[in-house]
Amino acid sequence: METIGKKEQIAPHPQAAWTGTQAYILAAFCLVMGVTLGYLFRGSASPFANTTAVSAPADSSAPAQGQLNPEQQKVILDQAVAPLLETLKTNPNDFDTITKVANLYYDGRQYPEAIKYYQLAAKIEPKNADLLTDLGTSLWYTGDADGAIAEFQTALKYQPDHPGTLFNLGIVRWQGKSDPKGAVQAWEELLQKNPNYPQKQQLEEYIEKAKQHAKG
């Protein structure tokens, strides 16, 4: 099974007091985590762009050979997040900074922390479909399929044709709820509402696989 391409690299917030060292740390963190984690679901990403296989919530406890161990990753993550957290001390409702913190925790596989900040951001922009999709995806990676589906469905209330949300909904219904029929429904809705969907052929192949699973 495939997953959605990674969101754009996060840029430093203009209000944050970034030193040259801090900017270097953040860039290094994004680069390392991109290589380490591959490409994951994200709300504003294009489905199937730079895809990689995923069949269950990710396990961060077993890094591949040559990669940073979890303790080293955490050190880099803490250094990258620190200036953003300082910004939030003076402006706790800064939406851009909150989402950057959430995105960094997401990229670092610190999903409970990512969920915390996505939820804070959602209080400021409760109708932001990209944000709600990111929140749902984080919940999925903690093993909360029901919570993920709930956030995806909320996102679709505000943006019914959001291709990333519909794609993710299908993934979680199939893999998280053993509901291939529900996956087919989400993906057929995606194609219906996005007639010029660039990965139509690949998604149709997924739909056929899910239909075969449902029959079996």
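Lysine 193 is partly exposed, with 35% relative accessible area. The cut-offs are under 20% for buried and over 50% for exposed, with partly exposed in between (1.4 Å probe, protein chains only). The side chain of lysine 193 meets that of glutamate 189 in a salt bridge, 2.6 Å from N to O. Here a salt bridge is a side-chain nitrogen of Lys or Arg within 4 Å of a carboxyl oxygen of Asp or Glu. Both residues sit in helix H8, four residues apart, so about one helical turn separates them. Glutamate 189 counts as partly exposed because its relative accessibility is 25%.

The model is predicted: local features need pLDDT of at least 70, side-chain atom pairs count only at pLDDT 80 or more, and totals for chains, interfaces and linings use all residues. Residues are numbered from 1 along each chain as its sequence is written, and side-chain values use heavy atoms, with hydrogens and water left out.

**Salt bridges**

Side chains of opposite charge can pair when their charged atoms come close. The structure holds five salt bridges. Three are tabulated here, among them the H8 pair already described.

| Pair | Closest N and O atoms |
|---|---|
| Lysine 193 and glutamate 189 | 2.6 Å |
| Lysine 177 and aspartate 146 | 2.8 Å |
| Glutamate 188 and lysine 211 | 3.4 Å |

Lysine 177 pairs with aspartate 146. Lysine 177 lies in helix H7 and aspartate 146 in helix H6, so the bridge ties together parts 31 residues apart in sequence. Lysine 177 is partly exposed, at 39% relative accessibility. Helices are DSSP runs (H or I, at least four residues), numbered from the N terminus.

Glutamate 188 forms a salt bridge with lysine 211. Glutamate 188 belongs to H8 and lysine 211 to helix H9, so this pair ties together parts 23 residues apart in sequence. Glutamate 188 is partly exposed at 37%. Lysine 211 is partly exposed at 32%.

**Aromatic pairs and core**

There are eight aromatic pairs. Rings of Phe, Tyr and Trp (its six-membered ring) pair if their centres lie within 6.5 Å; planes under 30 degrees apart are stacked, over 60 edge-to-face, and the rest tilted. The rings of tryptophan 187 and tyrosine 206 have centres 5.9 Å apart and planes at 50°, so the pair is tilted. Tryptophan 187 lies in H8 (residues 180-193) and tyrosine 206 in H9 (residues 200-215), so the pair ties together parts 19 residues apart in sequence. Both residues are buried. Ring pairs link them with Phe167 and Trp174 into a cluster.

The largest nonpolar core has 49 residues. Such a core is a set of buried Ala, Val, Leu, Ile, Met, Phe, Trp, Tyr and Cys residues joined through side-chain atoms within 4.5 Å. Phe167, Trp187 and Leu203 have the most contacts inside it. Helices H2 to H9 each supply at least two residues of this core.

**Helix H2**

H2 has 21 residues and reaches 30 Å from its first C-alpha to its last, close to the 30 Å expected at 1.5 Å a residue. The expected span is 1.5 Å times one less than the number of residues. A kink of about 35° lies at alanine 82, shortly before proline 83. That bend is the angle between axes fitted to the seven residues ending there and the seven starting there. Buried residues in H2 include Gln73, Ile76, Pro83 and Leu88.

At the start of H2, a side-chain oxygen of asparagine 69 comes within 3.0 Å of the backbone nitrogen of glutamate 71. Threonine 90 lies in H2 (residues 70-90) and is exposed, at 70% relative accessibility.

How values were computed: Polar contact = N/O pair within 3.5 Å; in protein donor to acceptor, adjacent residues only side chain to side chain.
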